[in-house]
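Me: I would like to go through this model and ask, for each descriptive word, what value stands behind it. Could you take the questions one at a time?

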Amino acid sequence: MPAPTYADVNGLRLYYEVHGSGRPLVLLHGGLLTIDLNFGAMIPALAASHTVIAVEMQGHGHTADIEREMTLENFADDIVTLLGRLAIDEADFFGYSLGGAVSLALVARRPQLVGKLVLASAPWRRDDFAIDGQLDADRMPTPADGREWEEAYRRVAPDPDRFAALVTRLGALVGAIDGPSPEELAAIRAPTLILIGDRDFISLARVAEMRELIPDAQLAILPGATHVEVTRRPEQVLAMIAPFLDPAR
């Protein structure tokens, strides 16, 4: 495990980790998660052929919250600023859930910064969370999932007692998600892989629409997986994304 690394970015003391060497690959975690909980089992394999830059966004993990609205645009700007500090002109991106939505905001705002794009269980619009108008209970995170996330947060957060506040603030962000327009999706030129569980609470219909709008996008469906389970299938996820990120390997 590398020593903790922070960068002063847009008023944040932004935590990030760098692993491996090769083409830069930015990892953006899901809401309420930490780097380790989201990507820990995948980082060694990804770092074998990439310089992996994993970031904990505002209020998550090691990165303390600040008095600033949580928006996809603010989170995306933080990543852009960090990469500028690291003198990275282009990187591939792998974003899960909230991290995927941030990746979409980033590619819409700074397309020249994005090489390849992996969007795992990523919402596009606020109604992406609807399944036939309802959220089926068996597709949703369980109380045990929530306890696991809080325990991971408490292990590393500067203020371990702020998890409930993070849940509230993140709920407001998710309720206001309004991603790129269809025209902006159609303008994406980065090769894109969309990955989703077939029991995800993200609407498969909206994912299919996104796949049709983004030119030459590919779609990978993880069988028998809910939204949460996508992060718990590292070997299967790596088997889907590795040929996309490194077709020559």
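The questions and replies below take up helices, a helix pair and single residues in turn.

Me: How do you know that serine 121 is buried or exposed, and where does it lie?

Reply: The model is a predicted one, and the word rests on a computed area. Serine 121 has a relative accessibility of 1%, and since buried means under 20%, serine 121 counts as buried. Its place is in the loop between strand S6 (114-120) and H5.

Me: What makes the phi of serine 121 worth a remark?

Reply: Serine 121 has a positive phi of about 50 degrees although it is not a glycine. Alanine 87 is another case, with a phi near 60 degrees, which is likewise a positive value in a residue other than glycine.

Me: Why is alanine 87 called exposed?

Reply: The cut-off for exposed is over 50% relative accessible area, and alanine 87 stands at 65%, so alanine 87 counts as exposed. This residue lies in the loop between H3 and strand S5 (91-96).

Me: Why is glycine 22 called partly exposed?

Reply: Its relative accessible area is 44%, and because partly exposed covers the values between under 20% and over 50%, glycine 22 is given that name. Glycine 22 is found in the loop between strand S2 (12-19) and strand S3 (23-28).

Me: What does glycine 22 touch beyond its sequence neighbours?

Reply: When residues up to four places away in sequence are not counted, glycine 22 touches Ser49, His50 and Thr51. With histidine 50, which is 28 residues apart from glycine 22 along the chain, the separation of the C-alpha atoms is 4.1 Å.

Me: What makes arginine 13 an exposed residue, and what is it in contact with?

Reply: Arginine 13 has 52% relative accessibility, and as exposed means over 50%, arginine 13 counts as exposed. Its place is in strand S2, and, leaving aside neighbours within four places in sequence, arginine 13 is in contact with Tyr6, Ala7, Asp8 and Thr63.

Me: How do you know that the span of H5 agrees with what is expected?

Reply: H5 has 14 residues, which at 1.5 Å a residue should span 20 Å, and because its end C-alpha atoms are 21 Å apart, the two values agree.

Me: Why are the buried residues of H5 said to line one face?

Reply: In H5, Asp145, Trp149, Ala152 and Tyr153 are buried. Seen down the axis of H5, these buried residues fall within an arc of 100 degrees, so they line one face of the helix. The face turned away from that buried side carries the exposed residues Pro143 and Arg155, while the buried residues of H5 pack against helix H1 (35-39) and H6.

Me: What makes the buried residues of H6 lie on the same side?

Reply: Helix H6 (residues 163-175) has Phe163, Leu166, Leu170 and Leu173 as its buried residues. They cover an arc of only 75 degrees around the axis, which puts them on the same side of H6. On the other side, Ala164, Thr168 and Ala172 are exposed, and what covers the buried residues includes helix H3 (72-85), helix H4 (98-109) and helix H5 (143-156). As background, an α-helix has 3.6 residues a turn, so residues three or four places apart point the same way.

Me: Why is H3 called roughly perpendicular to H4?

Reply: The axes of H3 and H4 come within 8 Å and cross at roughly 70 degrees. Angles of 65 to 115 degrees count as roughly perpendicular, and that makes H3 roughly perpendicular to H4. By class, the contact of H3 with H4 has 10 nonpolar, no polar and 3 charged residues, and among the residues of H3 that meet H4 are Leu72, Phe75 and Ile79.

Me: How do you know that the buried residues of H9 line one face?

Reply: In H9, Pro234, Val237, Leu238, Ile241, Phe244 and Leu245 are buried. Seen down the axis of H9, these residues fall within an arc of 130 degrees, so they line one face of the helix, and on the other side Glu235 and Ala239 are exposed. The 12 residues of helix H9 (residues 234-245) should span 16 Å at 1.5 Å a residue, and the end C-alpha atoms are 15 Å apart, which agrees.

Note on methods:
Residues are numbered from 1 along each chain as its sequence is written. This is a predicted model: local features need pLDDT of at least 70, side-chain atom pairs count only at pLDDT 80 or more; totals for chains, interfaces and linings use all residues. Side-chain values use heavy atoms; hydrogens and water are left out. Buried means under 20% relative accessible area, exposed over 50%, partly exposed in between (1.4 Å probe, protein chains only). Helices (H or I, at least four residues) and strands (E, at least two) are DSSP runs, numbered from the N terminus. The arc is that of the directions from the helix axis to the C-beta atoms. Contact means heavy atoms within 4.5 Å. Axes are lines fitted to C-alpha atoms, for helices over the stretch in contact, and angles run from 0 to 180 degrees between N-to-C directions. Angles under 35 degrees count as roughly parallel, over 145 as roughly antiparallel, 65 to 115 as roughly perpendicular and the rest as oblique. Ala, Val, Leu, Ile, Met, Phe, Trp, Tyr, Cys and Pro count as nonpolar, Asp, Glu, Lys and Arg as charged, and the others, Gly among them, as polar. The expected span of a helix is 1.5 Å times one less than its number of residues.
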